Amino acid sequence: MWIIIVGYVVGSILGGRLYGMWSGQHLATTGSGNTGARNALRTGGKQAFLFVYGFDVLKTVLVLSISGPYFFETGLALTLGHIYPIWHIRSGGKGYAVFSGIILAYSPLWFIGGLLLLLLLIKLTRNSRETGLVMLVLLPLAAWGDATDVGLASLTMLLIVYHHIRGKQHA
């Protein structure tokens, strides 16, 4: 169960904060004020996006690769750490990159399939924000079969959706 605590602590290390320390462009005070990859793209371009998104996905995949039977518990802990980081409780990300990392750690094929579906939906709707939220349904589907895992995955999904909706209202 120690891995769940590790998940929360590692989740609290934000790619957006590291990008700010490296570049001098602090995402929490520019653009939308969010430390996530979308704001990094908006304020720092593709390179900033790739750094922030890549770091947040990678931290998730690395921790989940050693989570053993606590995969979905650790995924929830990573998400909570990312959204409510121990170092700065009220200034975390919205959790979408962590979600991507959970799906990638669960199955690279699910990740690629989800990415292709996401690109198709964006092309059809011209809306990357809300269509991205559709992909969150992959999380409970990945956990299908075990009621506890489905519950944890659904809770993780709802937490991310809540923060995206809340962020839109405050943006």
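Reader: Why is tyrosine 19 called buried or exposed in this model?

Author: Tyrosine 19 has 5% relative accessibility and therefore counts as buried, since buried means under 20% relative accessible area, exposed over 50%, and partly exposed in between, with a 1.4 Å probe and protein chains only. The model is predicted, so local features need pLDDT of at least 70 and side-chain atom pairs count only at pLDDT 80 or more, while totals for chains, interfaces and linings use all residues. Residues are numbered from 1 along each chain as its sequence is written, and side-chain values use heavy atoms, with hydrogens and water left out.

Reader: What makes phenylalanine 51 buried, partly exposed or exposed?

Author: Its relative accessibility is 31%, so phenylalanine 51 counts as partly exposed.

Reader: How many aromatic pairs are there, and what makes two rings a pair?

Author: Rings of Phe, Tyr and Trp (its six-membered ring) pair if their centres lie within 6.5 Å; planes under 30 degrees apart count as stacked, over 60 as edge-to-face and the rest as tilted. By this rule there are nine aromatic pairs. One of them joins tyrosine 19 and phenylalanine 51, with 6.1 Å centre to centre and 50° between the planes, and is tilted.

Reader: Why is the pair of phenylalanine 49 and tyrosine 53 called stacked?

Author: The ring centres of phenylalanine 49 and tyrosine 53 are 5.4 Å apart and the planes stand at 10°, so this pair is stacked. Phenylalanine 49 is partly exposed, with a relative accessible area of 27%, and tyrosine 53 is partly exposed at 22%.
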